[in-house]
Amino acid sequence: MNDSKILEISNLTTYYYTSRGIVRAVDGVTLYVKRGESIAIVGESGSGKSTLAFTIMRLLPDNAQIVNGNIWLYPEKIDLVRLSNDEMRKVRGRRIGMIFQDPMTFLNPVMKVGDQIAEAIMYHHGYTKTEARRKAVELLEKLRIPDAANVASRYPHQLSGGMKQRVIIAIAVSCNPELLIADEPTTALDVTVQAEVLELLRRLIQELGMSLILVTHDLGIVAEICNRVTIMYAGKIVEIGETYSLYRNPKHPYTIGLLNAVPTIHKSSSEVGGIKGNPPDLVNPPTGCRFNPRCPYAFERCIREEPPLIEVNNDRAVACWLVV
Ligand code: ATP
Ligand code: SF4
């Protein structure tokens, strides 16, 4: 990994417009990703992780709008927020690839999987059909799929969940993107297959020198694969830090709660805690610190004023009045 950035997000704000009101799903997010680095975006369901990922890809539904901020892609420092749809289509796949949560919403059920990978290769590289098909089989072999040529000639419903997710990964990396965004890539898989797919992903991004943004609610899988962790709560980043240091010494009460909820071999079941209460409604989020209704340490200022995300040492930034 080198120190230059591949992506920089500044004050990014994405809202959904609904009959209930405005959902403040991503609200002033600032972060960067270095070349060759893997970062995780972690938070409970509804914290805005997927909205952030889909905002970067500019794949938001019609009722969503990016209302503020920038997403710069380096080295040119192109602002993805301001690209036309045509220009963004070229960035997608060629420079940024995405692995989706559910393979079946992404794969075409009536097309052989090898052809689906080949199609992506042809679109971005202009290879002939025969060359692209050969490349597709090579990619499946790289993803440790036994008898790859045979698998390439099957339809999605003929493959297991783990196999389908490998096909999705093959499509995402087929054009050698510089950055890969993986949104809960293993949630739909059982635990042993999850571990295999994650290991594969880790090896592949290392081999191909890609950067990774891994979106997950599961802090347990992050340590295996990511250099840094970003913790999101109710549309905002509450803590960012290097994985090892953040796990050993979490500073934000929400991060502490999330880590307490991760079962380990050193904890008995009675020691596995959690965070009381539910995430807030983002149409009408709490004033001040959005975590204040659930925070065991909340005091008067937390209800009145929003804590800024402040760097507390070289590798850590935290948004909490107890820390800044
Ligand atoms: P999950 O892990 O469950 O996917 P998440 O952390 O990725 O959760 P998002 O899916 O980004 O969170 O959701 C953030 C907020 O935006 C939630 O309040 C959710 O209900 C809302 N939201 C998501 N998609 C839409 C939509 N299409 N229209 C309106 N609100 C939406
Ligand atoms: Fe808790 Fe206050 Fe810190 Fe928010 S700012 S996490 S409510 S102590």
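## A two-domain model and its strand pairings

In strand 12, V318 is the residue that stands opposite I310. That pair belongs to a predicted model, and it makes a handy starting point for a tour of the structure. The protein is assigned two domains: domain 1 covers 5–95 + 179–318, and domain 2 covers 105–176. Below you will find the hairpin that holds the opening pair, then an open sheet, two backbone details, and finally the interface between the domains.

**The hairpin of strands 11 and 12**

- Strand 11 (residues 310–313) runs antiparallel to strand 12 (residues 316–318), and three bridges link them.
- Two residues lie between strand 11 and strand 12, and the two strands form a hairpin.

**The open sheet**

- Here four strands come together in the order 2-1-4-5, with antiparallel pairing, to give an open sheet.
- At the edges are strand 2 (21–34) and strand 5 (78–79), each of which pairs on one side only.
- Inside that order, strand 1 (residues 5–18) and strand 4 (residues 64–73) are antiparallel partners over eight bridges.
- One residue to look up here is Y16, whose bridge partner in strand 4 is A64.
- As general background, strands of a sheet pair through backbone hydrogen bonds, in either a parallel or an antiparallel sense.
- It is also general that side chains in a regular strand alternate between the two faces of the sheet.

**Backbone details worth a look**

- Most peptide bonds are trans, and most residues other than glycine have a negative phi.
- Against that background, Y74 and P75 are joined by a cis peptide bond, with omega at about 10 degrees.
- P75 sits in the loop that runs between strand 4 and strand 5.
- R144 is a residue other than glycine with a positive phi, near 55 degrees.
- You will find R144 in the loop between helix 5 (129–142) and helix 6 (148–152).

**Where the two domains meet**

- The C-alpha centres of domain 1 and domain 2 are 29 Å apart.
- On the domain 1 side, 17 residues make contact with 14 residues of domain 2.
- Together the two domains bury about 1,500 Å² between them, and 63% of this is on carbon and sulfur atoms.
- Within domain 1, the residues that lose the most area to domain 2 are R94, L200 and L204, which together account for 33% of what that side buries.

**Polar links and the domain 1 side**

- One salt bridge is found across the interface of domain 1 and domain 2.
- R166 and E196 meet through their side chains in a salt bridge, at 2.9 Å from N to O.
- Three residue pairs are in polar contact across the interface of the two domains, with both residues at pLDDT 80 or more.
- Helix 2 (85–94) and helix 8 (191–208) are the elements that give two or more residues to the side of domain 1 touching domain 2.
- Of the elements on that side, helix 8 gives the most, with nine residues.
- Sorted by class, the side of domain 1 that touches domain 2 holds ten nonpolar, one polar and six charged residues.

Key
Residues numbered from 1 in each chain as written. Chains lettered and ligands numbered in written order. Predicted model: local features only at pLDDT ≥ 70, side-chain atom pairs only at ≥ 80, totals over all residues. Heavy atoms only, no water. Domains from an automatic or database assignment. Contact = heavy atoms within 4.5 Å. Buried area = accessible area lost by both parts, 1.4 Å probe. Salt bridge = Lys/Arg side-chain N within 4 Å of Asp/Glu carboxyl O. Polar contact = N/O pair within 3.5 Å; in protein donor to acceptor, adjacent residues only side chain to side chain. Nonpolar A, V, L, I, M, F, W, Y, C, P; charged D, E, K, R; others polar. Pairing = 2+ DSSP bridges.
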